Amino acid sequence: MAFSLGWKAPRSQWSFLQAVSRGFPLLPRRAVGSCLDPKMKACLEEHTEVTNSGSLTPEIQLRLLTPRCKFWWERADLWPYSDPYWAIYWPGGQALSRYLLDNPDVVRGKSVLDIGSGCGATAIAAKMSGASKILANDIDPIAGMAITLNCKLNGLNPFPVLTKNILNIQQVKFDIIVLGDMFYDEELADGLHLWLENYFWAHRPQVLIGDPERPQFSGHSIRHQLHQVGEYALPESTQRDNNGLTTSAVWEFHP
């Protein structure tokens, strides 16, 4: 596969967390659902596959890069847009999505912020489980479009997608924050940890984190503030594509 599934920091998430640590102001969301660029949309549809197999959530259909897609094998620098990290259903996100589908009372009637939303699966799971309001965030506008398309695949009206840096978010209260696969680099994890602590003490949300116990996560100081609420055996295909990781877990943050 040309797009390495090793745990280097994706550029989009690197930029997002750098911005979080610098405290940029909250920027207005883009109405991704109402203005899908036809050329970009056609590229997404041509080079991804609609699938609900090989993950923890067969209830959710997603447009993803799969081995049947050209750019699973093609050189990454030939992809016409920013690196499509949104097109992989990462194991932390799978665990979070499974947890919300299995425990709908966690989000039913509540507002949810999905940070680093990627393909939007966790936000979709929250909507399926009865969340009253959802904001998905991923600074890659292609991810924003993919989230909109994935909503429609699952018979959902697209929810707002913020494709700008979501800084000073403490000014906007959400009942629940979910984030998956964001602790893959020490510097970025430190910035996100500080932001989560500040937001928690300002608004007291429930914070749920999905991660397959990558070393950067299991060795980080945030682990002393986490309580595991769920653990799942990963499907064989996810294990194979993620360096042999076998399980993924959901953690609740208690600073």
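**A tour of the predicted model**

Show the whole protein as a cartoon: its secondary structure consists of 9 helices and 9 strands (DSSP runs numbered from the N terminus, helices being H or I with at least four residues and strands E with at least two). This is a predicted model, in which local features need pLDDT of at least 70 and side-chain atom pairs count only at pLDDT 80 or more, while totals for chains, interfaces and linings use all residues. Residues are numbered from 1 along each chain as its sequence is written, and side-chain values use heavy atoms, with hydrogens and water left out.

Stay with the whole chain for a moment. Of its 255 residues, 56% are buried (under 20% relative accessible area, with a 1.4 Å probe and protein chains only).

Next, select Asp-138. This residue sits in the loop between strand 4 (133–137) and helix 6 (141–153). Asp-138 is buried, at a relative accessible area of 6%. Now add Gly-118: its backbone nitrogen is 3.0 Å from a polar atom of the Asp-138 side chain.

Then turn to the cavities (sets of points on a 1 Å grid over the protein atoms alone where a 1.4 Å probe fits but cannot get out). The structure has 4 of them of 30 Å³ or more, and the largest has a volume of about 220 Å³ (the space filled by probe spheres set on the points). Select Trp-90, Gly-116, Ser-117, Gly-118 and Cys-119, the closest to its centre among the 22 residues that line the largest cavity (lining residues have an atom within 4 Å of a point).

Finally, colour helix 1 (11–22), helix 4 (91–102) and helix 5 (121–128): each supplies at least two residues of that lining.

Definitions and conventions
Buried < 20%, exposed > 50% of the residue type's maximum accessible area, 1.4 Å probe, protein only. Polar contact = N/O pair within 3.5 Å; in protein donor to acceptor, adjacent residues only side chain to side chain. 1 Å grid on protein atoms, 1.4 Å probe; cavity = no way out; pocket = protein on both sides within 12 Å on 5 of 7 lines; lining within 4 Å.
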